[in-house]
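This report covers selected local features of a protein model. The sequence and structure are shown first, and the description follows.

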Amino acid sequence: MKKIRNFSIIAHIDHGKSTLADRLLEFTDAVNLGGKMGQILDSMDLERERGITIKAHAVRLNYKSEDGQTYILNLIDTPGHVDFSYEVSRSLACCEGSLLVVDATQGVEAQTVANAYLAIEHNHEIIPVINKIDLPQADPDKVKKQIEDILGISSSEAILASAKEGTGTKEILEAVVKRIPPPKGDLQSPLRAMIFDSWFDNYLGVIVLVRVFDGIIKPGMRIKLFATGKEYEVQRLGILTPFPKDIEKLEAGEVGFIIAGIKNIADTKIGDTITLAENPAKTPLAGFREVKPMVFCGLYPTETHQYEELKTALEKLRLNDSSFFFEPETSAALGFGFRCGFLGLLHMEIIKERLEREFNLSLISTAPTVRYKIVDKKGEYLIDNPSKMPKIYEKIEEPFMKVSIIVPEQFVGEILKLCQEKRGIQKEFSYITKDRILLIYEMPLNEILWDFYDKLKSLSKGYASMDYEFIGYRPSELVRLDILINGEQVDALSIIVHKDKAYYKGRAIAQKLRTVIPRQLFEVVIQAAIGGKIIARESIAPLKKNVLAKCYGGDVTRKKKLLEKQKEGKKRMKQIGRVEIPQEAFLSVLKVE
């Protein structure tokens, strides 16, 4: 156990975390890239394209140190985005130290701060690594000062590195060996191992990644999961190097995978504790909580015959991602589809893109919404679909987030105005350096969904960074805004908005829909309504045939007769005509001011 080091790499998006992991794997001879495709731990195409880590990974490295000893280094790679903050916290709970990677050109960003504080909460030994020093605009001294001023972490022993060129890789590995403490654990105590990731294999069932805190686990033992109480027999144990390799046992302090014939990935909850069925531990490891989706939207196939294909695709995706859920729903406008729940907006984008890419589906997604808490005569319950909002209720509560924004001083005025427009309550305004400001706001999650991040980036020319965390439900004056097309309510376009913004939002949506819905042979009337009250109206003029073209004179009554006949025909057509609503109409709801 003295020769084991468990550590993770934490960083803001695109600060070089995955590239650094590649260099560590190469230096310890775990892989030989030989100029081939990098980012070994980011195996998904989406991860490579977006420069983010979506799924947690673990790899065992063998490193011969300068002191002549060979050490086992368990690198537990974590997702970088705020949507996966709970997964990050469980991965960090399995480590004793972290490499804090900061871009030498961009400095400390909002997620750097959030992840660093998360590591400090887990009593990590933090090793600052200033990456990308090979770039001409790099300023390592400035970044060192930011690390000390903003995070309160000493940067006197910060390592200067270039993950792209391999500079500083040996120094990083030596620092991991010397500065990160070995794991603690009792081999004689009952088994306690934490699940920090899992995925489904068609032949082996669910493969569970664990860190063993106490005891020993061997094939043939019966294990029990604390959260579900279910029992299984261990069939195989192994480690990732990064390629799977079977081993005979996993002891306290070690990281590896367990195969135990588990058929349902939902049973292996992230953060849950595994113990022995015959001699169970009295208490589970701390920090476990159920992962609950925060953002919801409807997914519908554009072609109705693809419904079964969409259902199969969602079931397959759920095999490797237990954090999103789906249930069937129907819409008068869109037909049969599914109501899906996600951890956040990025998670939603990733799932939708994977469905379209990997399963060749063409999908329509409704406007994302959040879960609201309704209190009425029935009691207290949650709704995730605007169409489920009752007409009469005592009060409605919405989820609020604590939003941390780091922004250069010259853009702060516009950002303050944006936060105010989004119903933000300012909690902190402080200079973290002479030209960078930390803003902390409490803001409804619903407002963050509506183009907040895009506006933040455009107003700050890309220099602002953001992080947020859930802080609870609060009462708000919210109403349901319905959109009617020719008098018929389009349930998929309904949204829940604040009372003060309802009129402006309704008018803006009606105007936007007028530009995206194609003209018909009859007049199309678009209305925005709250309850039975119409608050905005737009109309799309019909396509007209010139019925007077054949009239070359004669009595005016002849012309009037032809126009009246056309008018009657259009009225009859309007009664039986159906307006086709394109995908852009549903997307346009998100982009209205």
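Buried denotes under 20% relative accessible area, exposed over 50%, and partly exposed the range in between, with a 1.4 Å probe and protein chains only. With a relative accessible area of 51%, Lys 499 is therefore exposed.

The model is predicted: local features need pLDDT of at least 70 and side-chain atom pairs count only at pLDDT 80 or more, while totals for chains, interfaces and linings use all residues. Residues are numbered from 1 along each chain as its sequence is written, and side-chain values use heavy atoms, with hydrogens and water left out.

**Lys 499 and the helix that follows**

Helices (H or I, at least four residues) and strands (E, at least two) are DSSP runs numbered from the N terminus. Lys 499 is placed in the loop between β30 (495–498) and α12 (502–516). Contact means heavy atoms within 4.5 Å. Not counting residues up to four places away in sequence, Lys 499 touches Glu 477, Leu 478 and Val 479. Glu 477 is 22 residues from Lys 499 along the chain, yet their C-alpha atoms are separated by 5.7 Å.

Helix α12 has 15 residues and reaches 21 Å from its first C-alpha to its last, close to the expected 21 Å; the expected span is 1.5 Å times one less than the number of residues. Its buried residues include Ala 502, Lys 505, Ile 509 and Leu 513. An α-helix has 3.6 residues a turn, so residues three or four places apart point the same way.

**Nonpolar cores**

A nonpolar core is a set of buried Ala, Val, Leu, Ile, Met, Phe, Trp, Tyr and Cys residues joined through side-chain atoms within 4.5 Å. The largest one has 69 residues, and Leu 355, Ile 405, Val 407, Ile 448 and Ile 526 have the most contacts inside it. Apart from it lies another core of 27 residues, among them Tyr 71, Leu 99, Ala 163 and Ile 172. Beyond residues up to four places away in sequence, Ile 448 touches partners including Leu 345, Met 401, Val 403 and Tyr 468.

**Backbone exceptions**

Most residues other than glycine have a negative phi, and most peptide bonds are trans. Two residues have a positive phi although neither is a glycine.

| Residue | Phi | Loop | Relative accessibility |
|---|---|---|---|
| Asn 360 | about 50° | α8 (345–358) to β20 (363–365) | 61%, exposed |
| Arg 423 | about 60° | α9 (412–421) to β25 (425–433) | 18%, buried |

The peptide bond from Thr 241 to Pro 242 is cis, with omega near 10°. Pro 242 lies in the loop between β12 (236–240) and β13 (244–247).
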